[in-house]
Structures are given as C-alpha cells and as structure tokens.
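Trainee: I would like a close look at a single part of this protein. Please start with the whole and then take me to the details.

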Amino acid sequence: QEYMKHGAKTDQVFQQTFTWTDGFLHPGDQPGLGVTLDVDEAGKYPYVQAYLPYNRLADGTVHDW
C-alpha cells in the first residue's frame, strides 16, 4: 500500500494511533481505524475550494496534457 506522510497540521487535526516501523504499518490500540478527529483543531482551518489546473488552447478549448 502506498502511503504519504501527513504534514504537521493534518496530524494535529487527525490524531492517529497507528505507527510505521521498518516499512510496516502497525495498528494502534484504539477501535476502528485508529484515527480521531479533533473538531476544535479542525475549526482553525476553514475550507478553501481549489481547482485542478487544466490546459486550454489559444481558442479556449480544453486540450490534452
């Protein structure tokens, strides 16, 4: 399974009990997925909508990358 380490802000909002050691994921001792959402911490980061980039030709038509 691919895994990308989260940044510090994400780790503050989603507290995790699992650990990575020698390339293996070790589950924590909490039930479920072992992730707890800190609602108060999440409230510090309002939602900002983002858009994926897309390529357009000079006439405005969408073009393949």
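What is the mean pLDDT of the protein, and what share of its residues reach 70 or more? After that, please look closely at the salt bridge between Glu41 and Lys44.

Mentor: Start with confidence. This is a predicted model. The mean pLDDT of the protein is 86. Of its residues, 97% reach 70 or more. Confidence also varies by element. Helix α2, residues 39-42, has the highest mean pLDDT of the elements, at 96. Strand β6, residues 62-63, has the lowest, at 82.

Now the layout. The protein has two helices and six strands. Read from the N terminus, their order is α-β-β-β-β-α-β-β. The radius of gyration is 19 Å, while the globule rule gives 11 Å for 65 residues, so the protein is more spread out than a compact globule. Along the principal axes, the C-alpha atoms fill a box of roughly 55 × 30 × 20 Å. Buried residues make up 6% of the 65 residues. The protein exposes about 6,200 Å². Carbon and sulfur atoms supply 59% of that area. Next, take the contacts between residues with a separation of 6 or more. Pairs 24 or more positions apart account for 19% of them.

Here is the part you asked for. A search of the whole structure finds one salt bridge. Its partners are Glu41 and Lys44. Their closest N and O atoms are 3.1 Å apart. A salt bridge needs a side-chain nitrogen of Lys or Arg within 4 Å of a carboxyl oxygen of Asp or Glu, so a cut-off decides what counts. In general, side chains of opposite charge can pair when their charged atoms come close. Now check how each partner sits. Glu41 has a relative accessible area of 13%, so Glu41 is buried. Lys44 is at 55%, so Lys44 counts as exposed. The cut-offs matter here: buried means under 20%, and exposed means over 50%.

Look next at the nonpolar surface. Phe14, Leu33, Val35, Leu37 and Val39 make a nonpolar surface patch of about 510 Å². Take Leu33 as one of its members. Leu33 is found in the loop between β3 and β4, with β4 covering residues 35-37. Its relative accessible area is 78%, so Leu33 is exposed.

Leu37, another patch member, gives a link back to the first helix. The C-alpha atoms of Leu37 and Thr10 are separated by 10.0 Å. Along the chain, these two residues are 27 apart. Thr10 has its place in helix α1. At 30% relative accessibility, Thr10 counts as partly exposed. Ala8 is also found in helix α1, which covers residues 8-13. Ala8 is at 58% relative accessibility, so Ala8 counts as exposed. From Ala8, go to Pro27. They are 19 residues apart along the chain, and their C-alpha atoms are separated by 20 Å.

Move on to strand β3, where His26 has its place. His26 counts as partly exposed, at 34% relative accessibility. Leave out residues up to four places away in sequence. His26 then touches Phe18, Thr19 and Thr21.

Two aspartates in loops deserve a look. Asp22 is in the loop between β2, residues 19-21, and β3, residues 24-26. Its phi is near 55 degrees. That is a positive value in a residue other than glycine. Asp22 is at 72% relative accessibility, so Asp22 counts as exposed. Asp29 lies in the loop between β3 and β4. Asp29 has a relative accessible area of 73%, so Asp29 is exposed too. Now trace from Asp29 to His63. They are 34 residues apart along the chain, and 49 Å separates their C-alpha atoms.

Finish back at your pair. Glu41 is the buried partner. Lys44 is the exposed one. Find them in the model and trace the 3.1 Å between their closest N and O atoms.

Notes:
Residues are numbered from 1 along each chain as its sequence is written. This is a predicted model: local features need pLDDT of at least 70, side-chain atom pairs count only at pLDDT 80 or more; totals for chains, interfaces and linings use all residues. Side-chain values use heavy atoms; hydrogens and water are left out. pLDDT is the predictor's confidence in each residue, from 0 to 100. Helices (H or I, at least four residues) and strands (E, at least two) are DSSP runs, numbered from the N terminus. Buried means under 20% relative accessible area, exposed over 50%, partly exposed in between (1.4 Å probe, protein chains only). Patches are made of residues with over 30% relative accessible area and no salt bridge: like charges are joined within 9 Å, nonpolar side chains (Val, Leu, Ile, Met, Phe, Trp, Tyr) within 5 Å. Accessible areas come from the Shrake-Rupley method with a 1.4 Å probe; for residues, only the protein chains shown count as cover. The radius of gyration is taken over C-alpha atoms; the globule rule is 2.2 Å times the number of residues to the power 0.38. Contact means heavy atoms within 4.5 Å.
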